[in-house]
Amino acid sequence: MDRLQMLQGKQVEVVYQGITYKGKLVGASDSEVYLQTLNEWVTLPMEGVTEVREA
């Protein structure tokens, strides 16, 4: 199973261009990562993501 699928629905930290975003991983595609943070929804382009880890 793909690592991002395993983390879906869990609290994660996503490192995007040196900035760490924290939130619930709602989903991911070949081109984007979708997070639900405390205040908003965040969509990050996959090409700038260097790490996704469980929080």
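Here are three short exercises, each with a worked solution, on the structure above.

This is a predicted model, in which local features need pLDDT of at least 70 and side-chain atom pairs count only at pLDDT 80 or more, while totals for chains, interfaces and linings use all residues. Residues are numbered from 1 along each chain as its sequence is written, and side-chain values use heavy atoms, with hydrogens and water left out.

**Exercise 1. The core**

Find which residues make up the largest nonpolar core, and which element gives the most to this core.

Step 1. Start with the term: a nonpolar core is a set of buried Ala, Val, Leu, Ile, Met, Phe, Trp, Tyr and Cys residues joined through side-chain atoms within 4.5 Å. Buried means under 20% relative accessible area, exposed means over 50%, and partly exposed lies in between (1.4 Å probe, protein chains only).

Step 2. List the members: Leu4, Leu7, Val12, Val14, Tyr16, Leu25, Val33, Leu35, Val42, Leu44, Val49 and Val52, 12 residues in all.

Step 3. Place them on the elements. At least two residues each come from α1 (3-7), β1 (11-16), β3 (32-36), β4 (41-45) and β5 (49-54). With three residues, β1 gives the most. Helices (H or I, at least four residues) and strands (E, at least two) are DSSP runs, numbered from the N terminus.

**Exercise 2. Valine 49**

Work out whether valine 49 is buried or exposed, and which residues valine 49 touches.

Step 1. Locate valine 49: this residue sits in strand β5.

Step 2. Check the accessibility. Valine 49 has a relative accessible area of 16%, so it is buried.

Step 3. Look for contacts (heavy atoms within 4.5 Å). Not counting residues up to four places away in sequence, valine 49 touches Val14, Val15, Tyr16, Val33 and Leu44.

Step 4. Follow one partner. Tyrosine 16 is 33 residues from valine 49 along the chain, yet their C-alpha atoms are separated by 4.4 Å.

**Exercise 3. The salt bridges**

Trace how many salt bridges the whole structure has, and which residues they link.

Step 1. Apply the rule: a side-chain nitrogen of Lys or Arg lies within 4 Å of a carboxyl oxygen of Asp or Glu. The search finds three salt bridges.

Step 2. Begin at glutamate 13, which is buried at 16% relative accessibility. Glutamate 13 pairs with lysine 22, with the closest N and O atoms 3.8 Å apart. Lysine 22 is exposed, at 55%.

Step 3. Move to arginine 53, whose side chain meets that of glutamate 13 (2.8 Å, N to O). This pair links strand β5 with strand β1, 40 residues apart.

Step 4. Add glutamate 51, which also bridges to arginine 53 (2.8 Å, N to O). Together, Glu13, Lys22, Glu51 and Arg53 form a network.
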